[in-house]
Amino acid sequence: MVDIEELSFAYGARGFRLRVPQLRLDDGERVAIVGPSGSGKTTLLNLIAGILKPDGGRIDVAGTEVTALSDAAHRRFRARHIGFVFQDFALLDYLSARQNILYPYRITPALKLDGAARVRAETLAEACGIGDKLDRHPNALSQGEQQRVAICRALVTQPRLILSDEATGNLDPDSKARILDLLFEQAGAVGASVLAVTHDHELLPRFGRVLDFAQFREEAPLP
Amino acid sequence: MNALYLAFAYLRYHWARSLVLVLVAALIMFVPVATQTLLSTSERALVARGEATPLLLGSRGSQLDLTMAALYFSDERPDPVTMGEVERIWDSDLGTPIPLHTAFSSGGFRIVGTTLDYFDFRAFTPAEGRGLSLLGDAVIGAEVARALGKGVGDSLVSAPENLFDLDGVYPLEMPIVGVLAPTNTPDDAAIFVDIKTAWVIQGIGHGHEDVVTAADVAAGTAALANAAVVQYQRITPENIESFHFHGAQDDFPASAVVVVPHDTRSATILKGRYLDAEGPTQLIAPAGVIQGLVDRIFRIKSLLDIVTAIIALAACAAIALALFLTYRLRAREIATAVKLGARRSMVLRLLAAETVTLLLISGGIAAAGAALVTRNAETWVGWLLALGT
């Protein structure tokens with residue numbers, strides 16, 4: 001699903017440097033990325049998603065070499081094949097849960113909002129236990145319910161890859177495991193791989209593989 | 001469409017903020033248009049009233065006071081001219097003189113004593129009742145009828161000018177015999193009576209118990225009535241015969257005289273007869289006086305325009321700041337949209353759609369308001385001009 005070779009990235013000349021000689025994520029695999037803050041975990045997710053452009057190396061996602069795509073093609077590819085789950089949920093307060101789930105269809109012509117997408121949104125919401133709360137706005141939902149909405153939004157486009165950036169970071173201990181299981185269950189239902197950044201070590205046994213990111217960080221050379 | 005959908009959802013969710021922005025933007029658009037419409041309509045109405053009144057005869061003094069009193073029935077009180085001046089115009093056979101007596105009021109509206117020629121001159125149409133026929137009759141304008149809630153069969157009482165002036169003005173009860181159709185002119189806010197009725201209010205004429213007969217009074221052979229004699233405060237069919245006037249009618253007063261010359265030549269001759277700057281009377285063309293007033297108003301308007309522009313600029317800056325702060329608040333949404341695959345143009349559309357939606361709603365409200373003002377400008381201007389009376 002994801003194939004990375006000789007990836008390098010640096011934030012300016014004096015910032016930290018990231019170097020990933022090789023990283024592979026198989027179809028349907030669930031991989032956790034752990035590591036200290038500032039080690040570049042979120043940066044890697046942004047590089048895979050094409051939000052950041054690497055200095056060198058190659059990233060291949062679902063058979064497409066994303067590092068070779070133009071900016072517009074990158075955005076189209078991201079909209080169609082990658083789902084995001086954020087730590088702060090990133091829901092829009094002015095939209096109902098239903099419209100938040102369908103939000104990706106509102107912001108890019110790469111996705112077409114049709115009846116099937118609406119049915120998919122409702123089915124996902126039912127599966128995530130928020131089927132009766134679709135007309136509520138985020139401020140009328142609990143933290144766990146908000147993250148369920150965010151998971152539905154990541155999955156409604158039927159992506160091949162889910163990038164989860166500390167998706168359970170803001171949840172209470174009981175909810176963390178439930179939400180992660182829900183994410184895996186729903187990702188498995190659409191055949192999506194999951195690459196998740198997390199600090200919750202008690203959740204690591206639930207992943208197929210754990211990647212310690214400290215090995216990829218390089219300090220910038222002293223002037 | 002998606003950008004507009006999201007913009008509308010955003011505006012609806014933050015409805016209080018949106019409402020304030022929409023109203024402020026609508027006001028910025030509406031106020032200059034409404035002001036311009038009302039001012040230009042006022043100009044037309046003022047000039048039209050002036051142009052519809054060819055010549056005005058009055059006591060020498062302020063031409064503006066004379067014009068305002070005779071055309072707009074304002075509070076200005078130019079020195080009266082005598083009815084002898086009216087006779088002089090009749091005798092010249094150069095025009096029709098129409099005396100106006102505007103010294104009194106009732107219920108806050110001016111009582112205009114005149115002759116039936118005024119009704120023909122202004123082409124009044126009665127909406128109800130009949131015209132003036134008997135001493136004491138009153139025909140009221142449409143605005144008087146509306147404001148006082150009166151109609152044919154009701155009555156009005158003239159306001160006493162000085163309660164302690166026992167020799168002077170007594171309140172006179174006047175039956176309303178007609179209501180005029182609206183004209184959107186100061187005539188709507190006037191109470192028309194025969195000029196003789198105005199003289200009765202002034203105390204020049206009166207009716208009282210038959211201590212002596214009217215014939216005796218006319219012959220000058222009667223004793224003067226004393227304070228014990230009851231004066232009538234209402235003219236009725238039973239007592240109308242007792243009403244009489246003291247002195248020669250040529251000496252009776254009028255506030256002004258509208259003069260309708262038979263033709264241009266007659267107008268020129270008439271004007272020539274009143275050129276003497278030392279004479280007690282003046283003959284003016286109200287259109288010129290009104291135009292001078294309008295020019296002065298519009299010079300002030302240009303100052304007002306500058307003030308309006310500065311305020312509009314400040315309000316626009318406030319709106320721009322509010323929108324900028326909104327964009328800052330939506331920065332997180334934009335970052336999310338970019339991560340989910342939104343194109344740059346979509347991000348711009350998301351931000352622009354909110355502004356465009358706001359402006360469209362504001363523009364719609366402003367246009368509706370402007371249409372309302374335009375449709376009712378003449379009525380409202382007539383009312384505004386009547387406020388000064």
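Reader: Which elements of chain B have the lowest and the highest mean pLDDT?
Author: Helix H8 (residues 214-219) of chain B has the lowest, 58, and strand E6 (residues 138-140) of chain B the highest, 95. The scale, pLDDT, is the predictor's confidence in each residue, from 0 to 100. Helices (H or I, at least four residues) and strands (E, at least two) are DSSP runs, numbered from the N terminus. This is a predicted model: local features need pLDDT of at least 70, side-chain atom pairs count only at pLDDT 80 or more, and totals for chains, interfaces and linings use all residues. Residues are numbered from 1 along each chain as its sequence is written, and chains are lettered from A and ligands numbered from 1 in the order in which they are written.

Reader: What pLDDT does chain A average?
Author: The average for chain A is 87, and 96% of the residues score at least 70. Strand E10 (residues 217-218) of chain A is lowest, at a mean of 62. Helix H3 (residues 97-101) of chain A is highest, at 95. Chain B averages 85, with 90% of the residues at 70 or above. For the complex, the predictor gives an ipTM of 0.85 and a pTM of 0.63.

Reader: Why is A:Thr168 called buried?
Author: A residue is buried if 20 or more other C-beta atoms lie within 10 Å of its own, exposed if 12 or fewer, and partly exposed in between; the C-beta atoms are placed from the backbone. A:Thr168 has 24 C-beta neighbours inside 10 Å, so A:Thr168 counts as buried. Its place is in the loop between E7 and H7 of chain A. In chain A, buried residues make up 43% of the 223 residues.

Reader: Which residues does A:Thr168 touch, not counting residues up to four places away in sequence?
Author: Two residues are in contact if their C-beta atoms, placed from the backbone, lie within 7 Å. By that test A:Thr168 touches A:Lys176, A:Ile179, A:Leu180, A:Thr198, A:Asp200 and A:Leu203. A:Asp200 is 32 residues away along the chain, yet the two C-alpha atoms are separated by 8.1 Å.

Reader: How do you know that E3 and E8 of chain A pair?
Author: Two strands pair if DSSP finds at least two bridges between them. Four bridges join strand E3 (residues 30-34) of chain A to strand E8 (residues 193-197) of chain A, so the test is met. The two strands run parallel. A:Ile33 stands opposite A:Val197 in E8(A).

Reader: What makes E6 and E9 of chain A edge strands?
Author: Five strands form an open sheet in chain A, in the order E6-E7-E8-E3-E9, with parallel pairing. Strand E6 (82-86) and strand E9 (209-212) of chain A each pair on one side only.

Reader: What makes up the side of chain B that touches chain A, by class?
Author: The contact takes 17 residues from chain B and 19 residues from chain A. H1(B) gives the largest share of the chain B side, six residues. That side has nine nonpolar, four polar and four charged residues. Here Ala, Val, Leu, Ile, Met, Phe, Trp, Tyr, Cys and Pro count as nonpolar, Asp, Glu, Lys and Arg as charged, and the others, Gly among them, as polar.
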